[in-house]
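User: I'm new to this one. Could you show me how to read its features?

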Amino acid sequence: MFSKFERMTAWRYLRAKRKEGFISVITGFAFTGIALGVATLIIVMSVMNGFKAELLNRILGINGHISIVATAGFPFNNYKKAVENLESIDGIELALPIIEKQLLVSSPHSAEGAMVRGIDAADILKQKVLRGGFSKIDMETYAGDVVVLGDKLAKKLGVYTGDEVTLISPNGKITAFGSVPRMKSYTIIGTFNLGMFEYDANYIFMPLEAAQKYFGLKNSATVIDVRLKNDNDLPQIRQLIEKSVSLDAYVYDWKQSNSAFFNAIDVERNVMFLILMLIILVAAFNIITGLIMLVKDKSRDVAVLRTMGATRGMIMRIFFMDGAFIGMVGTSIGVVLGLLFCDNIENIRRFLERLSGRDLFSPEIYFLSQLPAKVDATEVALVVVLTLLLAFLATIYPAYRASKFDPAEALRYE
């Protein structure tokens, strides 16, 4: 497509001489702008993807795809039969009976509101996220009047493994003197870390039987969490479950309970993509500026080439190659920088925190304890295609202008 003469001339024009240093600087800005724009776009999109994926993994790790909640005053007395029926449905992987209640937990040092979740040890071992968070706890001790606290909740309460905490429930016992709050002390057998601040700072796990005894729900459960084999089966299976449950239960899925949160992430992700594409657009304009100045500076050379027999098409292709080279090499370097940054993003975050002395990714704000990054090959390809398209379009006008030079006019004014 391009002759050896065209490639050689285009390469010589990119290697500016000393007197053409300013043109070389402008070209360098365009080159750097393309690389930084592509790298930044890949990094931001990967972080947004990783943030969404990690949150989804944590949420679905501790909660099911579908939750069946007993309405007030009507716990699931036949939950064992319900679990068997649910697990017999094709597409359902697990159905876990749970008791979930809000209460106050106190220690000699502090008191905090918390969410207590009563769940069997066998069910904990079935869930990868919980099993990983409970990795340091001997599950044989997970029985009786014991609890497992989120590590950040334990830190707020100032307690450690072996200490006792008191659970205080407002739904107390009815006595002759009125309602008395339920209070009972439990031994801490360990702490867990699920990697999500909301859970690590607010959740308490206890054996299902202990929770049933404490809340006065003998052989009952308040929630049945359903985990699916395939996320895509959610609408059909939810509809099937809704038809089978009585009016005493409410069915909802994870998309309902977290829809506003994930919609906000998607909107922010799309807006960031558009904003960062403007960086690449500015770099494309820098390519136009640099090539126009290069064409102006090389007008005499172009005139000589035209008198020697070079066609307008050849001149156009020479300057088109210059712009395309800037776009392709800048894009390639940007992709490499972006992928390297994403691969080491957590180490870079820690380095910047040590350097600045500030917490750059507070788990209290961002929910996660580590900065995630998930590279999507399709998105990277889209960024590359759009960047190269902008770079190629930016070279058309300067190359066309160079091809329209009149050799006689150019040589007359030199």
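**Rings in the core**

Analyst: Let's start with one residue: at 3% relative accessibility, Phe134 counts as buried, where buried means under 20% relative accessible area, exposed over 50% and partly exposed in between (1.4 Å probe, protein chains only). This is a predicted model, where local features need pLDDT of at least 70, side-chain atom pairs count only at pLDDT 80 or more, and totals for chains, interfaces and linings use all residues. Residues are numbered from 1 along each chain as its sequence is written, and side-chain values use heavy atoms, leaving out hydrogens and water.

User: How many aromatic pairs are there?

Analyst: Rings of Phe, Tyr and Trp (its six-membered ring) pair if their centres lie within 6.5 Å; planes under 30 degrees apart are stacked, over 60 edge-to-face, the rest tilted. Here the count is eight aromatic pairs. One of them, Phe134 with Phe192, is stacked, at 5.4 Å centre to centre and 5° between the planes. Phe134 sits in the loop between helix H5 (128–133) and strand S4 (146–150) and Phe192 in strand S6 (residues 178–192), so the pair ties together parts 58 residues apart in sequence. Helices (H or I, at least four residues) and strands (E, at least two) are DSSP runs, numbered from the N terminus.

User: Is Phe192 buried or exposed?

Analyst: Phe192 counts as buried, because its relative accessibility is 1%. The rings of Tyr199 and Tyr203 have centres 5.2 Å apart and planes at 90°, so that pair is edge-to-face. Both tyrosines, Tyr199 and Tyr203, are buried.

User: Which residues form one aromatic cluster?

Analyst: Phe134, Phe192, Tyr199, Tyr203 and Phe205 do.
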